[in-house]
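The following note sets out, in numbered points, what may be said about the structure shown below. Please read each point against the coordinates.

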Amino acid sequence: MVEKRSDYRKRQKKSLLSKLKSSFSDDDSEEVDVNPDFKRDDSEEEPRRRPLAGDGQEFYQHNQSSDKETIRQEKSLRLKKRLNRAILIVIVLIILVLLALFHL
């Protein structure tokens, strides 16, 4: 005998509800097989990093004063070059648009 569509739908709804209920249940009887290479080993902890004394200001102090001006000059030169390139590209594009408008 062939199963009726209504019976099939009832069975599907029941299984859907059971799946939904099981997904929200607190029963976690399913064990997950994890590769041992990816397991966290509690016995081997990384040594904690210790903070620098005095917030590390003496470490960074000599680099900041001498290089600050040179870094500022290098940045300004890079920005000038980029700005000049952008202006040149815009001028070339304007000329191309004007040639296309008046020539065609």
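1. The model is predicted. A patch of positive charge on its surface brings together Lys 75, Arg 78, Lys 81, Arg 82 and Arg 85. Of these residues, Arg 85 may serve as an example: its place is in helix α2, which covers residues 57-103. Arg 85 has a relative accessible area of 54% and is therefore classed as exposed, the cut-off for that class being over 50%.

2. Regarding the fold as a whole, the protein chain contains 2 helices and 0 strands. Of its 104 residues, 1% are buried, where buried means under 20% relative accessible area. The chain exposes about 11600 Å², and 57% of that area is supplied by carbon and sulfur atoms.

3. How many salt bridges does the structure hold? The count is 1. The partners are Arg 72 and Glu 69, whose closest N and O atoms lie 3.9 Å apart. Both residues belong to helix α2 and are separated by 3 residues, about one turn of the helix.

4. Are the two partners of this salt bridge classed as exposed or partly exposed? Arg 72 is exposed, its relative accessible area being 51%. Glu 69, at 43% relative accessibility, counts as partly exposed. The boundary between these two classes is 50%, so Arg 72, at 51%, falls in the exposed class.

5. The surface also carries a nonpolar patch, formed by Leu 83, Ile 87, Leu 88, Ile 89, Ile 91, Val 92, Leu 93, Ile 95, Leu 96 and Leu 99. Together these residues present about 940 Å² of accessible area. One of them, Ile 91, is found in helix α2. Ile 91 counts as partly exposed because its relative accessibility is 44%, and membership of a patch requires over 30% relative accessible area.

Conventions:
Residues are numbered from 1 along each chain as its sequence is written. This is a predicted model: local features need pLDDT of at least 70, side-chain atom pairs count only at pLDDT 80 or more; totals for chains, interfaces and linings use all residues. Side-chain values use heavy atoms; hydrogens and water are left out. Helices (H or I, at least four residues) and strands (E, at least two) are DSSP runs, numbered from the N terminus. Buried means under 20% relative accessible area, exposed over 50%, partly exposed in between (1.4 Å probe, protein chains only). Accessible areas come from the Shrake-Rupley method with a 1.4 Å probe; for residues, only the protein chains shown count as cover. Patches are made of residues with over 30% relative accessible area and no salt bridge: like charges are joined within 9 Å, nonpolar side chains (Val, Leu, Ile, Met, Phe, Trp, Tyr) within 5 Å. A salt bridge is a side-chain nitrogen of Lys or Arg within 4 Å of a carboxyl oxygen of Asp or Glu. Lys and Arg count as positive and Asp and Glu as negative; His and the chain ends are not counted. The place of a charge is taken as NZ of Lys, CZ of Arg, CG of Asp or CD of Glu.
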